[in-house]
Amino acid sequence: MNRNQKIQQIAVTAAQMREIEGRIFAAGMPVAALMEKVAGLISHRIKSLFPISSFSGKVGVLVGPGHNGGDALVVARELHFSGYQVKIYRVFPKLKELTAQHDLYAQSLGICYVNELADLEDCELIIDGLFGFGLEREIKDDLAAKINQLNQWCKTVVSIDLPSGLHTDSGEVLGTAIKANYTLCLGLWKLGLLQDLALEYVGKAELIDFEIPLTDITAILGEMPLIQRVTKEFVQQHLPLPRPAVTHKYKQGHLLLICGSRKYSGGAILTGLGARGSGVGMLSIAVPESLKPLLVSHLPEALIIGCEETENGAIASLPDAVDLGGYDAIACGPGITTEATNILEGILANNKPVILDADGLNILAQLGTISTLKNRQEITVLTPHAGEFKRLFPDIENVQQSRVEAVKKAAELTQAIVLLKGARTAIANATSKVWIVPESTPALARGGSGDVLTGLIGGLLAQGVAANINSLVERVVIAAWWHAQAGILAAKERTELGVDAFTLTQFLSSVLLHHFSSSL
Ligand SMILES: NC(=O)C1=CN([C@@H]2O[C@H](COP(=O)(O)OP(=O)(O)OC[C@H]3O[C@@H](n4cnc5c(N)ncnc54)[C@H](O)[C@@H]3O)[C@@H](O)[C@H]2O)[C@@H](O)CC1
Ligand SMILES: Nc1ncnc2c1ncn2[C@@H]1O[C@H](COP(=O)(O)OP(=O)(O)O)[C@@H](O)[C@H]1O
Ligand SMILES: [K+]
């Protein structure tokens with residue numbers, strides 16, 4: 001794996017970034033030299049994103065009191081030298097020493113300084129250098145009002161490091177925050193940029209690599225950082241590809257899906273199609289007897305097991321002939337309704353990897369037996385969205401404000417793999433490792449797309465079990481990435497409104513062709 005691939009996998013908190021920078025400075029790198037280097041890279045990127053020939057060249061630069069403001073002043077100077085018409089708006093009279101020096105120099109060059117935010121209204125491009133990872137307190141009063149005013153303007157805004165006002169770790173808005181079109185994140189991805197709460201503010205985000213030595217990164221984060229961004233390279237490493245030349249269907253995993261009811265029949269089909277997309281060797285689907293013809297017509301390759309039904313058309317029991325021990329993995333939940341309680345108890349008592357979603361999770365919450373999950377010998381995967389998560393873990397607070405912390409706690413509590421769905425899905429296991437899927441699309445915010453994910457996870461897990469892979473969490477992680485990428489590809493072809501769950505299943509193999517065709 002090359003340097004870029006390695007650093008793309010890392011996400012850091014403000015405290016970790018400070019420690020990493022501290023090592024660089026302690027090793028002798030002058031702070032001023034680093035600022036010059038970093039801001040040089042930022043200027044270069046801004047010049048290529050917004051060539052002076054492509055607009056009026058009028059740029060407003062917001063300067064805060066710390067080194068984020070220092071970066072902004074160096075950028076202002078470089079853009080000025082390149083012919084842009086730069087106006088600097090310094091928001092605070094008091095500046096950190098290095099920032100103050102750049103401020104003096106910019107003044108000496110005759111760069112225009114303005115006294116009011118309103119004086120930047122004729123600028124087409126705004127550079128946000130108010131706060132970076134040093135923001136400690138809420139933004140209030142006058143400054144908050146100015147940021148809100150700026151957000152009302154239809155300007156292109158580039159934020160340095162992160163949009164000013166966002167909490168570096170949680171992505172929470174501290175009072176108010178700048179809505180950026182671009183965020184140029186410096187050195188290493190800040191965790192907050194990967195949180196649902198931040199997304200409305202971040203715009204397109206990219207990493208500006210200023211060559212932090214890998215030794216300094218590993219000294220603080222370890223060889224395997226506890227929080228990882230899921231990258232294409234990671235996925236490629238863990239996909240069940242290429243298949244062994246000599247194999248047969250049972251060696252490629254046998255997955256049992258337990259899903260559907262008279263009321264929710266489509267969920268069973270979508271879960272089945274998600275599993276189909278995984279390439280799993282054998283697929284069995286247990287549904288209420290009356291759904292059998294429907295399932296056979298949609299998934300002719302699957303073994304459809306008709307089950308006795310309750311009066312309301314939910315699965316009452318699995319046929320005696322079904323031996324749960326005969327499957328590599330069992331996924332249960334989509335559309336089963338909360339009547340199927342005994343089914344859930346049965347599969348949890350069985351020692352096979354289990355994936356629980358939707359009503360499977362709701363039953364678990366009703367039973368109040370979440371704490372018994374930690375006694376299971378085999379892995380359990382829980383895939384809640386935020387609502388299901390709150391029902392399952394009522395004692396874990398602030399789920400949306402602190403998704404990474406929440407998912408970590410849930411995994412510790414249950415010793416399960418917990419996947420918290422969202423715009424930036426986060427997955428944790430009992431060793432406190434967290435993976436975040438850094439790219440997705442709101443096109444997926446539609447009924448049924450979660451069912452597809454359950455089937456995909458199930459199929460990848462079953463293949464992993466059949467292949468005797470000793471760590472299976474990666475299979476869950478790659479399923480979440482694959483699912484999100486299918487949404488992205490489908491949205492590119494069909495627009496964000498064109499990605500119904502069935503369509504999503506049709507894009508699963510396109511993802512592999514799109515990203516990995518050279519090695520398939
Ligand atoms: N040292 C360097 O040369 C480098 C600097 N970088 C830049 O430096 C930034 C971090 O710099 P700093 O540690 O100076 O922090 P910031 O520039 O993010 O801001 C900290 C300053 O803002 C003040 N402050 C915090 N919250 C406030 C609030 N709500 N209202 C008013 N004032 C508030 C603090 O007292 C402090 O003076 C990074 O985000 C990045 O832009 C690095 O990325 C690259 C290397
Ligand atoms: N705004 C969004 N951006 C990206 N992905 C989203 C967004 N909203 C939902 N998703 C994804 O869509 C899926 C929805 O799953 P879920 O809520 O279980 O729906 P359902 O039960 O109807 O299938 C999840 O994988 C989730 O991560
Ligand atoms: K900023």
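Here is a short note on a binding-site region, ligand 2 and one lysine in this structure.

1. Before you start: this is a predicted model, in which local features need pLDDT of at least 70 and side-chain atom pairs count only at pLDDT 80 or more, while totals for chains, interfaces and linings use all residues. Residues are numbered from 1 along each chain as its sequence is written, chains are lettered from A and ligands numbered from 1 in the order in which they are written, and side-chain values use heavy atoms, with hydrogens and water left out.

2. A good place to begin is the UniProt annotation "binding site", from an unreviewed entry, which covers Lys421, Gly422, Ala423, Arg424, Thr425 and Gly450. These residues span 30 residues in sequence, yet no two of their C-alpha atoms are more than 13.7 Å apart, so they gather at one spot. UniProt positions follow the numbering used here, feature names are shortened, and annotations may be inferred rather than shown by experiment.

3. Now compare two of those glycines. Gly422 sits in the loop between strand S18 (417–420) and strand S19 (426–428), whereas Gly450 belongs to helix H16 (residues 449–466). Helices (H or I, at least four residues) and strands (E, at least two) are DSSP runs, numbered from the N terminus.

4. Are they buried or exposed? Gly422 is partly exposed at 36% relative accessibility, and Gly450 is buried at 18%. Buried means under 20% relative accessible area, exposed over 50%, and partly exposed in between (1.4 Å probe, protein chains only). Leaving aside residues up to four places away in sequence, Gly422 touches Asp196 and Arg403, and Gly450 is in contact with Asp357 and Lys421; contact means heavy atoms within 4.5 Å.

5. Next, look at ligand 2. Of the 17 residues around ligand 2, Lys421, Gly422, Thr441, Gly448 and Gly450 come nearest, where a residue counts as near if one of its heavy atoms lies within 4 Å. H16 gives the largest share of this shell, four residues.

6. Backbone atoms also meet the ligand. A backbone N or O atom of Gly448 lies 2.8 Å from an oxygen atom of ligand 2, and a polar backbone atom of Leu444 is 3.1 Å from an oxygen atom of ligand 2. Taken alone, ligand 2 exposes 570 Å², and the protein buries 79% of that (Shrake-Rupley method, 1.4 Å probe; for residues, only the protein chains shown count as cover).

7. Finally, visit Lys87 in strand S3 (residues 85–90). Lys87 is buried, with a relative accessible area of 19%.

Methods. Polar contact = N/O pair within 3.5 Å; in protein donor to acceptor, adjacent residues only side chain to side chain.
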